[in-house]
Amino acid sequence: SYTTDTKSREENKKTLESLYSLSVDITKIRRLKEWVLLQDVAYAKEIAAILKEMGADDTTVANIIEHCPEAILHTPAEVNSQRALWQLVCQNEKQLIKLIEQFPESFFTTEYQQNQKANILFFQELGLKNNIITRFLTSAPNIFYNPVEKNKNVIETLQRSYLNLGGSEANMKIWILKLLSQNPFILLNTSTTIQENLEFLQKNDFTDQEVLQLLSKLKGFIFQLNSSTMQKSMLFSKNVFKCSDQELKQLVLKCPALLYYSVAVLEERLEGLLKEGISIAQIRETPMVLELTTQIVQYRIKKLSALGYDIKSGNLESLNGTKKDFEVTYGKIQSKKERPIFNPVAPLHIED
């Protein structure tokens, strides 16, 4: 709502003076968003006063303005309304100011206040905890810009699909909340996309139970795909692993990444594994290894090789999992290697 095509290319002297008095690094603003300094009206001192009232010190105020200069173009009334809105889910103003400092752009997007408020209340009614809602406000703010009816519509489609696939009424709420907290961006999809993707899986002979299993494993990312990319990825995997439709289905259930990643990504990861001397047969046995980037795989192989563990002849299970999982596996292999041949504390049977 602010003009970036300014007729006079002159910086607003009053704005500059206000920013100097607040110890804001103006060169940073010139470099990032000079257009802010060219606006006829700005509220630098007023916005700073509101932030200080919330408990921000001078350094925090300067930081916020440097990282999000357009904050000073909002009226005090808009910022106070936003403050009241975020207080619906923040424990106190100390937490609020911390969030503003970390995510100023999310806080100073005030154009959708009515939608934001309606969505916050809707998420609270749904049973989402306030700390999850604050996480959404900062990391997925655009889901609050939707009219609440759109978000309700998507949730209703998910609930209906869950029940149609044989999910129980008793578990539905937990399932929805878990899905949302893992991936709030599913709300940016349309109900039609959700329906189409579920139909695609059913047409590919996944049973209702298996579709539910995939939805939970994929944390809702399946709704951000489309049937044509899923089809291409599945066809690619089928050709690489030379398997039947039934075998492919089992591989996908074992490793939903085969459905989720594009052909280009799968190709690159396969190539990386083959370069390390790993065979297609090994990958087919443990397809989850394709969930890891080539860099992670190389790093893990290097660490295991240093312990004398030969990945080419062994099982790929040791490469799998999160960083934490790998560290546990690595620790076990290491301690096995270092373990003495005899047990020094075992009693020795010596004949008298």
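**Close-up views of two cysteines and a helix pair**

**View 1. Surroundings of C90 in the predicted model.** C90 has a relative accessibility of 9% and therefore counts as buried, the limit being under 20%. Searching the whole structure gives zero disulfides. C90 accordingly takes part in no disulfide, and the cysteine sulfur nearest to that of C90 belongs to C68, 17 Å away.

**View 2. Surroundings of C255.** The relative accessible area of C255 is 0%, so this residue is buried. C255 is likewise in no disulfide. For C255, the nearest cysteine sulfur is that of C243, at 12 Å.

**View 3. Packing of helices α10 and α11.** Helix α10 covers residues 148-164 and helix α11 covers residues 169-182. Their axes lie 10 Å apart and form an angle of about 130°. This angle falls neither over 145 degrees nor within 65 to 115 degrees, so α10 and α11 are oblique to each other. The crossing of the two helices is right-handed.

**View 4. Residues in the contact between α10 and α11.** On α10, the contact is made by I155, L158, Q159, Y162 and L163. On α11, the contacting residues are E169, N171, M172, W175, I176, L179 and L180. Sorted by class, the contact comprises nine nonpolar residues, two polar residues and one charged residue. The charged residue is E169 of α11, and the polar residues are Q159 of α10 and N171 of α11.

Terms used:
Residues are numbered from 1 along each chain as its sequence is written. This is a predicted model: local features need pLDDT of at least 70, side-chain atom pairs count only at pLDDT 80 or more; totals for chains, interfaces and linings use all residues. Side-chain values use heavy atoms; hydrogens and water are left out. Axes are lines fitted to C-alpha atoms, for helices over the stretch in contact, and angles run from 0 to 180 degrees between N-to-C directions. Helices (H or I, at least four residues) and strands (E, at least two) are DSSP runs, numbered from the N terminus. Angles under 35 degrees count as roughly parallel, over 145 as roughly antiparallel, 65 to 115 as roughly perpendicular and the rest as oblique. A crossing is left-handed if the near helix is turned anticlockwise from the far one by less than a right angle, and right-handed if clockwise. Contact means heavy atoms within 4.5 Å. A disulfide is a pair of cysteine sulfur atoms within 2.5 Å. Buried means under 20% relative accessible area, exposed over 50%, partly exposed in between (1.4 Å probe, protein chains only).
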